[in-house]
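Colleague: Could you take a close look at one part of this model for me, the surroundings of the ligand? I would also like to hear how that part connects to the rest.

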Amino acid sequence: MIRCRDIHKRFGTLEVLRGIDLDIAQGEVAAIVGPSGAGKTTLLQILGTLSQPDGGTVEIAGQTVGSLRAGELVRLRNERIGFVFQFHHLLPEFTALENVMIPALIGRRPRAAAQKRADELLELLGVGHRATHKPAELSGGEQQRVAVARALVNDPAVVFADEPSGNLDSVNREELHRLFFRLRDRFGYTFVIVTHDNDLAAMSDRRIAMRDGLIVSESE
Ligand code: ADP
């Protein structure tokens, strides 16, 4: 599902990624771990096509990212990739349902179909009863579930998550982690998750440990 080779990235004189090779299969839950400043977020952003590497290649779902035209890149990002961040980034003036529908509408899905899919996802993620509420009226755990629903609305090939449970208490954190595995088991989604959470890392199919811009170990 993901293949990257010899990824390099620098910010000014700082070499943040120094040659990353990584393959992630469909249906894997992979945790990227390591100390702050190791380059985890930078790698996730490059894999997620939000940032361009200075060198190396990234393939997502069979498409070579560097060779895509602007329109193709936007389509890949919107239709094949989902994102979940530490802070939910839901739009405050829209309801939970509308927040989940928006990427589907951007993807030109008919409104009725987008709403049906969003409704089903909110129900599946246990927040169906909160569909008409705005983000500020939801708990932190509910907000993150809505953010996961939004990430899944276009049925992506892979979901990238950057510290998705970093802002949650331990009960909500555990629930969110269980949800990732349930979604993987039921639907075969692929998750790549940057995390400091040892429990999540231990549960994952793979732990990819980074340090100083390199992958220093991988365990299965
Ligand atoms: P991690 O996620 O492992 O904590 P990051 O990928 O966020 O690491 O950052 C790696 C290094 O790159 C850090 O030293 C950080 O300060 C630096 N960095 C990240 N993004 C930028 C940027 N946009 N401009 C300059 N330096 C950056």
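Modeller: Happy to: I will start at the ligand, follow the elements around it into the two sheets, and end with a few loop and helix residues.

A word on confidence before we zoom in. This is a predicted model, and the protein chain has a mean pLDDT of 94, with 100% of its residues at 70 or more. The scores for the model are ipTM 0.96 and pTM 0.94.

Now to the ligand itself. The residues around it are Phe11, Leu14, Val16, Gly34, Ser36, Gly37, Ala38, Gly39, Lys40, Thr41 and Thr42. Two elements each give two or more residues to this shell: strand E2 (14–24) and helix H1 (40–47). H1 is the biggest contributor, with three residues. By character, the shell divides into four nonpolar residues, six polar ones and one charged.

Let us follow E2 outward. E2 belongs to an open sheet of four strands, in the order E2-E1-E4-E5, with antiparallel pairing. E2 and strand E5 (63–64) are the edges of this sheet; each has a single partner strand, so one side of each has no neighbour in the sheet. The partner next to E2 is strand E1 (residues 2–11), joined to E2 by eight bridges in an antiparallel run. Along that pairing, Lys9 of the chain sits opposite Leu17 in E2. H1 comes back into the picture here: it packs on this sheet, touching E1, E2 and strand E4 (55–60), and its direction makes about 125 degrees with that of E1.

H1 has a second sheet to deal with, so here is that one. It is an open sheet of six strands with mixed pairing, in the order E6-E7-E8-E3-E9-E10. Its edge strands are strand E6 (81–84) and strand E10 (214–219), each pairing on one side only. On average, neighbouring strands of this sheet are turned by 20 degrees against each other, direction ignored. Within it, strand E3 (residues 29–33) and strand E9 (residues 206–211) run parallel and share four bridges. One pair to look at is Val33, whose bridge partner in E9 is Ala209. H1 packs on this sheet too, touching E3, strand E7 (158–162), strand E8 (190–194) and E9, at about 150 degrees between its direction and that of E8. In short, the helix that gives the most to the ligand shell packs on the four-stranded sheet and on the six-stranded one.

The two edges of the six-stranded sheet are worth a visit. At one of them, E6 and E7 run parallel with four bridges between them, and Gly82 stands opposite Val159 in E7. From E6, Ile81 and Phe83 point one way, Gly82 and Val84 point the other way, and all of these are buried. At the other edge, E9 and E10 run antiparallel and are joined by five bridges; Met210 has Ile215 in E10 as its bridge partner. E9 and E10 make a hairpin with two residues between them, and Asp212 in that turn has a positive phi of about 50 degrees.

Two other residues draw attention through their backbone angles. Ala61 has a positive phi of about 45 degrees although it is not a glycine; you will find Ala61 in the loop between E4 and E5. Ala61 is partly exposed, because 15 other C-beta atoms lie within 10 Å. Asp155, also not a glycine, has a positive phi of about 55 degrees, and its place is the loop between helix H5 (140–152) and E7. With 13 other C-beta atoms within 10 Å, Asp155 is partly exposed.

A last stop at two further spots. Asp205 lies in the loop between helix H7 (198–203) and E9 and is partly exposed, with 16 other C-beta atoms within 10 Å. From C-alpha to C-alpha, Asp205 is 32 Å from Arg130, with 75 residues separating the two in sequence. Val171, in helix H6 (residues 170–187), is exposed because only 9 other C-beta atoms lie within 10 Å, against a limit of 12 or fewer. Val171 and Gly141 are 30 residues apart along the chain, and their C-alpha atoms are separated by 8.9 Å.

Definitions and conventions
Residues are numbered from 1 along each chain as its sequence is written. This is a predicted model: local features need pLDDT of at least 70, side-chain atom pairs count only at pLDDT 80 or more; totals for chains, interfaces and linings use all residues. A residue is buried if 20 or more other C-beta atoms lie within 10 Å of its own, exposed if 12 or fewer, and partly exposed in between; C-beta atoms are placed from the backbone. A residue is near a molecule or strand if its C-beta atom, placed from the backbone, lies within 6 Å of it. Ala, Val, Leu, Ile, Met, Phe, Trp, Tyr, Cys and Pro count as nonpolar, Asp, Glu, Lys and Arg as charged, and the others, Gly among them, as polar. pLDDT is the predictor's confidence in each residue, from 0 to 100. Two strands pair if DSSP finds at least two bridges between them. Axes are lines fitted to C-alpha atoms, for helices over the stretch in contact, and angles run from 0 to 180 degrees between N-to-C directions. Two residues are in contact if their C-beta atoms, placed from the backbone, lie within 7 Å.
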